[in-house]
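These are my notes from a first look through this structure. I wrote things down in the order I looked them up.

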Amino acid sequence: MEDFEQYRVALTGYCYRMLGAAFEAEDAVQETFVRAWRKADAFDARRGPFSTWLYAIATNVCLDFLRGKQRRAVVMDLASPVAPGTPLGVPLADEAWVQPMPDERILDPANVLVRRESVQLAFVAALQHLPPKQRAVLILRDVLAWHADEVAALLESTVPSVNSALQRARATLATRPAAGPVTALDETHQDLMRRYVRAFREYDIETLVSLLHEDATMTMPPFLWWLRGRSAIHQTLLAAGAEVSCRTTVLVPAGLANGAPVYAQYGPDGPFALVTFTTAGGLVTGETVHLNGTGLFPLFGLPLKLTDELREAASY
């Protein structure tokens with residue numbers, strides 16, 4: 001029997017795209033390994049490679065997980081942008097939201113440049129609009145580049161059925177807002193993030209806003225509240241209370257999530273939020289303050305207390 005661990009990252013990426021949830025994806029992979037171990041005698045190399053057999057098990061696990069559950073989403077799927085000054089409102093349950101996921105847990109380093117676009121939050125959220133089996137077909141065909149006959153064998157279906165499902169899935173995705181282009185994580189990009197975080201720390205609103213795209217968005221899951229446009233974000237950041245947030249919290253770089261930079265935001269009492277950014281053309285196009293993301297800190301290797309080491313990292 002092959003070593004399961006060599007497949008963990010790839011399978012976690014697959015399950016994450018299927019489920020849209022970080023811990024559920026990891027649970028699904030663990031359940032896949034358990035089922036594979038229990039059914040080890042059923043594997044027949046004459047019917048296909050071991051990896052295909054594992055993906056078949058993982059697909060069934062994900063379909064089981066999705067049975068009866070509501071679709072996870074990003075805020076743009078659920079509400080229109082609000083005017084500056086609008087109260088946050090009532091939070092939705094964590095199960096309503098697509099969660100960020102560390103790149104290192106879902107992307108094979110050898111294929112990061114090819115696959116980063118397929119784990120953007122916008123793309124993962126768009127996938128949730130597909131029926132589960134169409135979702136599996138599209139991921140296997142368009143993301144993992146499997147052949148139609150391989151997918152048909154995995155799903156115990158036919159090639160015409162797989163091709164039909166793929167066509168319907170692509171048509172549905174074409175109606176959803178497209179994910180932005182993947183930004184090269186070069187020195188220019190890193191300098192943009194350093195300037196943005198420095199402006200946040202110093203409550204230098206004019207500099208911070210100058211680094212935003214004209215149509216930039218700001219969201220705060222688990223609330224339906226979100227802003228669109230540099231002007232709306234500018235007005236909100238000038239409002240009472242925004243300065244307190246900037247001056248009393250610390251943004252610590254925490255690597256990459258969904259192909260984009262992620263920061264841990266710590267307040268005086270501990271974790272406050274996970275903050276993810278999207279960028280394009282040398283500007284910030286989106287900021288998501290995952291107020292419901294503090295439970296994901298361990299997944300990113302982040303402590304639940306701001307240490308001196310982290311404070312130093314935040315002051316670069």
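**Two crossing helices**

I started with helix 7 (residues 132-143) and helix 9 (residues 159-174), whose axes come within 9 Å and cross at roughly 95°. That angle makes helix 7 roughly perpendicular to helix 9. I keep in mind that this is a predicted model.

Next I wanted to know which residues make the contact. From helix 7 I listed Gln134, Val137, Leu138, Arg141 and Asp142. From helix 9 I listed Val162, Asn163, Ala165, Leu166, Arg168, Ala169, Arg170 and Leu173. I sorted the residues of this contact by character and got 7 nonpolar, 2 polar and 4 charged.

**Leu130, in the loop before helix 7**

I then moved to Leu130, which has its place in the loop between helix 6 (121-127) and helix 7. Is Leu130 buried or exposed? Its relative accessibility is 3%, so I put it down as buried, the cut-off being under 20%.

Leaving out residues up to four places away in sequence, I found Leu130 touching Arg135, Leu138, Ala169, Thr172 and Leu173. Leu138 and Leu173 were already in my notes, as part of the contact between helix 7 and helix 9. I also checked Leu130 against Gln120: they are 10 residues apart along the chain, and their C-alpha atoms are separated by 16 Å.

**What the record says**

I looked up the UniProt record, an unreviewed entry, which lists residues 122-173 as "domain: RNA polymerase sigma factor 70 region 4 type". In the model that span is 79% helix and 0% strand, and its end C-alpha atoms lie 11 Å apart.

The record, again as an unreviewed entry, also lists residues 4-72 as "domain: RNA polymerase sigma-70 region". Here I noted 67% helix and 0% strand, with the end C-alpha atoms 29 Å apart.

**The sheet**

Then I turned to the strands. What is the strand order of the open sheet? I read 2-1-6-5-4-3 for its 6 strands, and the pairing is mixed. Strand 2 (226-228) and strand 3 (250-257) are the edge strands, each pairing on one side only. From one strand to the next I get a twist that averages 20°. Helix 12 (residues 230-237) packs on the sheet and touches strand 1 (212-219) and strand 2. The direction of helix 12 makes about 55° with that of strand 1.

I went through some of the pairs in turn:

- Strand 4 (residues 260-267) pairs with strand 5 (residues 270-280) in the antiparallel sense, over 6 bridges.
- Strand 5 and strand 6 also run antiparallel, joined by 7 bridges.
- Strand 1 and strand 6 run parallel, and 4 bridges join them.

For the pairing with strand 6 I noted two individual matches: Met218 stands opposite Glu287, and Ala280 has Leu283 as its bridge partner. The hairpin of strand 5 and strand 6 has 2 residues between the strands, and there Gly281 takes a positive phi near 60°.

**Strand 6 and Val284**

How many of the 8 residues of strand 6 (residues 283-290) are buried? I counted 6, so strand 6 is largely enclosed by the rest of the structure.

I picked Val284 from strand 6 for a closer look. At 1% relative accessibility, Val284 counts as buried. Its C-alpha atom is separated by 4.8 Å from that of Leu212, although the two are 72 residues apart along the chain. Apart from neighbours within four places in sequence, Val284 is in contact with Leu192, Tyr196, Leu211, Leu212, His213, Ala216, Phe277, Thr278 and Thr279.

**Val262**

My last stop was Val262, which sits in strand 4 and has Thr276 of strand 5 as its bridge partner. How much relative accessible area does Val262 have? I noted 0%, so Val262 is buried.

With residues up to four places away left out, I have Val262 touching Val252, Pro253, Ala254, Gly255, Leu256, Ala257, Leu274, Val275, Thr276 and Phe300. Its bridge partner Thr276 thus turns up among the contacts as well. Finally I checked Val262 against Thr188, 74 residues away along the chain, and their C-alpha atoms are separated by 17 Å.

Terms used:
Residues numbered from 1 in each chain as written. Predicted model: local features only at pLDDT ≥ 70, side-chain atom pairs only at ≥ 80, totals over all residues. Heavy atoms only, no water. UniProt positions renumbered as here; feature names shortened; annotations may be inferred. Pairing = 2+ DSSP bridges. Axes fitted to C-alpha atoms, helices over the stretch in contact; angles between N-to-C directions. Contact = heavy atoms within 4.5 Å. Parallel < 35°, antiparallel > 145°, perpendicular 65-115°, else oblique. Nonpolar A, V, L, I, M, F, W, Y, C, P; charged D, E, K, R; others polar. Buried < 20%, exposed > 50% of the residue type's maximum accessible area, 1.4 Å probe, protein only.
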